Amino acid sequence: MSKGILIVVSAPAGCGKDTILEQALSRNDNLFYSVSATSRAIRPNETDGVSYHFKTREQFEDMIKNGELLEYTEYCGNYYGTPKKAVEDMLSAGKDVILKIEVEGAGNVKKMFPDCTMIFILPPSFGELDRRLHKRGTEDEETIKRRIATAREELTYARNYDYLIVNGALEKAVDDFLSVVDAEKMKTAVCGSLIDTLLSE
Ligand code: 5GP
């Protein structure tokens with residue numbers, strides 16, 4: 001069985017990446033979402049083990065020490081990291097693995113997996129991003145301001161990504177995401193064994 005592809009997705013907070021990924025996952029059952037570990041506090045709409053594996057800083061630091069993380073970073077004062085084993089197991093099982101991580105972690109993953117597919121999700125505008133963050137109502141005013149400033153910084157990394165998807169209309173963004181995955185799976189470097197299979201007939 002051929003290995004799955006690794007898909008790295010980054011987007012500033014409030015760009016709707018969670019919704020895009022939820023819908024993409026429900027429409028393509030070969031996709032596997034890598035649940036990250038984090039030391040940040042759980043939000044009311046989140047579930048431990050589904051949204052994130054929620055850890056104390058001490059527990060997270062133990063994971064670092066034990067080499068359990070593929071990559072990790074500190075973002076807005078909290079640790080975030082990708083558990084290594086699940087990603088490796090799923091890729092070996094032929095699943096296409098999605099990592100939803102920020103730009104620094106994405107750069108580190110690209111160094112480890114040069115063939116990974118890097119997707120950056122853009123807001124239609126900063127005005128719209130501000131509106132969405134206020135509507136979400138999960139963060140106070142100061143946090144929102146900090147997140148918008150971070151979003152501007154993150155956007156300067158977007159040129160390093162293979163694909164840019166604008167989340168204006170959700171349905172279109174989900175279609176775009178799934179089209180990218182389909183196209184990546186059709187790359188000769190990924191599915192070249194089809195040629196050998198045909199020639200062996
Ligand atoms: P949030 O607190 O809004 O859920 O996430 C904050 C940022 O951390 C987002 O940009 C998210 O993509 C990123 N993030 C989530 N999990 C990981 C991870 O495992 N590694 C890295 N490097 N970033 C992550």
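## Helix 3 and its strands

In this predicted model, helix 3 spans residues 84–92. Helix 3 lies across two strands, strand 5 and strand 6. Strand 6 covers residues 78–83, and helix 3 runs at about 30 degrees to strand 6.

## The sheet

Strands 5 and 6 belong to an open sheet of 4 strands. The order is 4-3-6-5. The pairing is mixed. In general, strands of a sheet pair through backbone hydrogen bonds, and they do so either parallel or antiparallel.

Which strands stand at the edges? They are strand 4 (53–54) and strand 5 (69–75). Each has a single partner strand, so one side of each is left without a neighbour in the sheet.

## Where strand 3 meets strand 4

Strand 3 takes in residues 37–38. Strand 3 and strand 4 run parallel, and 2 bridges join them. One residue pair can be named here: Thr38 has Phe54, in strand 4, as its bridge partner.

## The cysteines

A disulfide is a covalent bond between the sulfur atoms of two cysteines. How many disulfides does a search of the whole structure find? The count is 0. For Cys15, the nearest cysteine sulfur is that of Cys76, 14 Å away. Cys15 is in no disulfide. A disulfide needs the two sulfur atoms within 2.5 Å, so the 14 Å between Cys76 and its nearest cysteine sulfur, that of Cys15, rules out this pair.

Is Cys15 buried or exposed? Cys15 is buried, because its relative accessible area is 0%. Cys76 has 26% relative accessibility, so Cys76 counts as partly exposed.

Conventions: Residues numbered from 1 in each chain as written. Predicted model: local features only at pLDDT ≥ 70, side-chain atom pairs only at ≥ 80, totals over all residues. Heavy atoms only, no water. Buried < 20%, exposed > 50% of the residue type's maximum accessible area, 1.4 Å probe, protein only. Pairing = 2+ DSSP bridges. Contact = heavy atoms within 4.5 Å. Axes fitted to C-alpha atoms, helices over the stretch in contact; angles between N-to-C directions.
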